[in-house]
Amino acid sequence: MEFLKSNRGAVKIVFEGYIYLQQKKLANGVVSFECEKRRNNGECKAKIKVRGEDLVGRFNDHSHGPDPTQKEVLKALQKMKRLAAIYNSRIS
């Protein structure tokens with residue numbers, strides 16, 4: 001399980017090749033995440049629940065296969081944003 005940030009600063013999880021977006025915070029430190037494909041067009045109903053870095057629940061199967069390249073795309077975007085922020089702070 002790997003935690004990343006979205007372009008808008010929200011938490012994303014990469015788990016078993018699928019990307020999940022934070023849905024809501026629940027009781028006892030549990031956070032619900034839904035498959036990113038659910039928000040795009042509602043095609044996938046898969047969800048997971050996480051406490052800290054531990055998986056505490058998994059709900060519904062994915063209606064699609066994992067996309068192994070998406071994780072690398074997200075990481076590259078994050079790196080570019082970090083480098084741009086550093087560069088901008090140096091020229092200001």
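**Exercise 1. Classify His64 as buried or exposed, and place His64 in the fold of this predicted model.**

Solution. The relative accessibility of His64 is 18%, and since buried means under 20% relative accessible area, His64 counts as buried. The next step is to locate the residue, which is found in the loop between E6 and H2. The last step is to list its surroundings: with residues up to four places away in sequence not counted, His64 touches Tyr18, Cys35, Lys37, Glu43 and Cys44.

**Exercise 2. Describe the overall make-up of the protein, from its elements to its surface and its charges.**

Solution. Begin with the elements, of which the protein has 2 helices and 6 strands; read from the N terminus on, they follow the order β-β-β-β-α-β-β-α. For the dimensions, take the principal axes, along which the C-alpha atoms fill a box of roughly 50 × 30 × 20 Å. Turning to burial, the protein has 92 residues, and buried residues make up 27% of them. Among the contacts with a separation of 6 or more, 30% come from residues 24 or more positions apart. The exposed area of the protein is about 6300 Å², and carbon and sulfur atoms supply 49% of this area. Finally, a count of charged side chains gives 19 positive and 10 negative, with the centres of the two sets lying 8 Å apart.

**Exercise 3. Determine how many salt bridges a search of the whole structure finds, and work through individual pairs with their accessibility.**

Solution. The search finds 4 salt bridges. As background, side chains of opposite charge can pair when their charged atoms come close.

Step one takes the pair of Lys71 and Glu2, in which the closest N and O atoms are 2.9 Å apart. This salt bridge links distant parts of the chain, since Lys71 belongs to helix H2 (residues 68-91) and Glu2 to strand E1 (residues 2-5), and the two are 69 residues apart. Both partners are classed in turn: Lys71 counts as partly exposed at 26% relative accessibility, and Glu2 is likewise partly exposed, with a relative accessible area of 22%.

Step two takes Arg58 and Glu16, which form a salt bridge whose closest N and O atoms are 3.2 Å apart. Here too the pair links distant parts of the chain, with Arg58 in strand E6 and Glu16 in the loop between strand E2 (11-15) and strand E3 (18-25), 42 residues apart. Arg58 counts as partly exposed because its relative accessibility is 46%, whereas Glu16, at 52%, counts as exposed.

Step three takes Arg38 and Glu34, whose side chains meet in a salt bridge at 3.4 Å, N to O. Arg38 has 27% relative accessibility and therefore counts as partly exposed, while Glu34 is buried, with a relative accessible area of 7%. To complete the account, salt bridges that share partners join Glu2, Lys71 and Lys75 into one network.

**Exercise 4. Establish where Ser32 and Leu74 lie, why each is classed as buried or exposed, and which residues each contacts.**

Solution. Take Ser32 to begin with, a residue of strand E4 (residues 30-35). Its relative accessible area is 2%, so Ser32 is buried. Once neighbours within four places in sequence are left aside, Ser32 is in contact with Leu21, Gln22, Gln23, Lys24, Leu26, Lys47, Ile48 and Lys49.

Leu74, for its part, has its place in helix H2. With a relative accessible area of 9%, Leu74 is therefore buried. Beyond the neighbours within four places in sequence, the contacts of Leu74 are Leu4, Lys12 and Ile19. A distance can be added to this picture: Leu74 and Val14 are 60 residues apart along the chain, and their C-alpha atoms are separated by 9.9 Å.

**Exercise 5. Identify which residues form a nonpolar patch on the surface, and examine Leu55 within that patch.**

Solution. The patch is formed by Met1, Phe3 and Leu55, which together have about 230 Å² of accessible area. Of these residues, Leu55 lies in strand E6 (residues 54-59). Its relative accessible area is 34%, so Leu55 is partly exposed; the value also fits the requirement that residues in a patch have over 30% relative accessible area.

Note on methods:
Residues are numbered from 1 along each chain as its sequence is written. This is a predicted model: local features need pLDDT of at least 70, side-chain atom pairs count only at pLDDT 80 or more; totals for chains, interfaces and linings use all residues. Side-chain values use heavy atoms; hydrogens and water are left out. Patches are made of residues with over 30% relative accessible area and no salt bridge: like charges are joined within 9 Å, nonpolar side chains (Val, Leu, Ile, Met, Phe, Trp, Tyr) within 5 Å. Accessible areas come from the Shrake-Rupley method with a 1.4 Å probe; for residues, only the protein chains shown count as cover. Helices (H or I, at least four residues) and strands (E, at least two) are DSSP runs, numbered from the N terminus. Buried means under 20% relative accessible area, exposed over 50%, partly exposed in between (1.4 Å probe, protein chains only). Contact means heavy atoms within 4.5 Å. Lys and Arg count as positive and Asp and Glu as negative; His and the chain ends are not counted. The place of a charge is taken as NZ of Lys, CZ of Arg, CG of Asp or CD of Glu.
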